[in-house]
Amino acid sequence: MSDKIPVTVLTGYLGAGKTTLLNRILSEPHGKKFAVVVNEFGEVGIDNDLVVGADEEVFEMNNGCICCTVRGDLIRIIDGLMKRKGQFDAIIVETTGLADPAPVAQTFFMDEDVSSKTRLDAVVTVVDAKWLTERLKDAPEAKNQVAFADVIILNKTDLVTPEELSAVEAQIRAINPYAKLHRTQRASIDIAEVLGRNAFDLDRVLELEPDFLEEGHHHHHDEDVKSVSFTIPGDVDPAKFMPWVNDLVQQEGANILRSKGILAFQGEPKRFVFQGVHMILDGDLTQDWKPGEKRQSKIVFIGRNLDREALNKGFLACAA
Ligand SMILES: Nc1nc2c(ncn2[C@@H]2O[C@H](COP(=O)(O)OP(=O)(O)OP(=O)(O)O)[C@@H](O)[C@H]2O)c(=O)[nH]1
């Protein structure tokens with residue numbers, strides 16, 4: 001058992017802070033080498049670009065949700081990784097915010113090849129302290145992610161009052177009294193609390209889902225949640241983009257669960273990374289566009305009742 005490679009499944013609803021936690025893990029001077037598998041919901045790959053870690057190998061799985069259609073891909077990637085055993089110490093799988101962690105965890109027990117070489121170390125769930133209460137009402141995935149967690153990172157404590165925080169924690173405890181829970185800002189936590197936990201508890205999971213080890217475990221997505229993405233093959237004008245996006249999330253923030261983009265601002269040598277969760281926006285200049293790299297601007301919205309045409313028109317109008 002001890003020579004099996006530990007796998008950490010990192011989950012949590014859209015925008016909770018999974019990538020923030022992943023980047024923190026990868027940036028710390030731990031002397032370990034991780035293989036990272038990132039699965040994203042959306043047509044345009046953005047998440048991969050948001051993960052730091054020059055040394056790490058990042059495998060992207062697009063075009064579907066990890067827990068459904070691309071489970072075959074996950075098995076294939078893990079199999080491929082196993083052929084290079086010794087080159088890394090652990091595997092981290094970041095799921096999409098809409099994934100049900102159960103079938104992902106199941107892969108590590110059901111597939112013979114995978115289960116003989118890897119060991120599910122823990123399901124780590126990042127929770128958005130500000131939005132969990134709302135999501136428990138309308139997103140079954142959010143509840144499953146909490147229920148399946150071995151470790152819960154109750155993140156964004158800066159966005160709520162102490163009373164609200166206690167209320168969210170009580171909601172979490174009602175769903176999952178067993179997981180180790182940590183309160184964080186910007187997912188700031190000692191990585192020993194996240195990795196190498198040896199915490200995945202099959203017995204508890206079987207209590208939760210008696211058919212966990214049986215084939216044909218199906219998960220139905222919230223079909224209302226869709227992703228739309230747009231690319232401008234060049235620069236955008238920040239003086240147009242900023243007011244547009246600010247107005248947009250003020251008006252449509254309830255429907256827009258998540259937004260992100262990597263933009264080439266006119267006259268700016270660095271990329272501008274823009275992120276939103278409902279109406280809360282965040283933006284930063286990050287790395288330079290590389291010499292020879294095509295400057296382009298892409299943006300993704302994930303949410304309910306999104307008006308693709310209006311969004312596209314609005315974004316295209318921001319072109320420089
Ligand atoms: N105020 C506040 N913002 C945070 C905190 N942690 C993360 N964020 C911001 O929340 C946004 C989403 O963070 P991510 O780490 O990308 O979230 P994610 O779970 O990976 O998102 P998806 O992969 O799209 O589901 C970013 O703008 C972060 O900067 C926090 O503790 N407080």
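## Helix α4 and Thr107

T107 is a residue of helix α4, which covers residues 101-110. In this predicted model, T107 is buried because 22 other C-beta atoms lie within 10 Å, and the threshold for burial is 20 or more. T107 is also linked in space to a distant part of the sequence: L213 is 106 residues away along the chain, yet the two C-alpha atoms are 9.3 Å apart.

## Overall architecture

The protein comprises 11 helices and 12 strands. Of its 320 residues, 39% count as buried. Among contacts with a sequence separation of 6 or more, 78% are between residues 24 or more positions apart.

## The nonpolar core

The largest nonpolar core contains 75 residues, and V9, V124, V127, I152 and I153 have the most contacts inside it. Strand β5, residues 118-128, gives the most to this core, with 6 residues. The core draws at least three residues from each of two domains, domain 1 (5-208) and domain 2 (225-316).

V127 illustrates the packing within this region. Leaving aside residues up to four places away in sequence, V127 touches G12, A16, L132, V146, I152, I153, L154, N155 and I172. Two of these partners, I152 and I153, are themselves listed with V127 among the residues that have the most contacts inside the core.

## The C-terminal region

An unreviewed UniProt entry places the feature "domain: CobW C-terminal" at residues 225-319. Over this stretch the chain is 25% helix and 44% strand, and the C-alpha atoms at its ends are 27 Å apart.

An open sheet of 5 strands has the order β8-β12-β9-β10-β11, with antiparallel pairing. Its edge strands are β8 (225-232) and β11 (280-288), each of which pairs on one side only. From one strand to the next, the twist averages 10°.

## Strand pairing and the helix across the sheet

In general, strands of a sheet pair through backbone hydrogen bonds, in either a parallel or an antiparallel manner. Here, strand β9 (residues 256-264) and strand β12 (residues 297-304) run antiparallel and are joined by 6 bridges. K260 has V300 of β12 as its bridge partner.

Strand β12 also takes part in the packing of a helix: α11, residues 308-316, lies across β8 and β12. The helix runs at about 25° to β8, which is one of the two edge strands of the sheet.

Conventions: Residues numbered from 1 in each chain as written. Predicted model: local features only at pLDDT ≥ 70, side-chain atom pairs only at ≥ 80, totals over all residues. Helix = DSSP H or I, 4+ residues; strand = E, 2+ residues; numbered from the N terminus. Buried ≥ 20, exposed ≤ 12 C-beta atoms within 10 Å, placed from the backbone. Contact = placed C-beta atoms within 7 Å. Core = buried A, V, L, I, M, F, W, Y, C linked by C-beta atoms within 7 Å. Domains from an automatic or database assignment. UniProt positions renumbered as here; feature names shortened; annotations may be inferred. Pairing = 2+ DSSP bridges. Axes fitted to C-alpha atoms, helices over the stretch in contact; angles between N-to-C directions.
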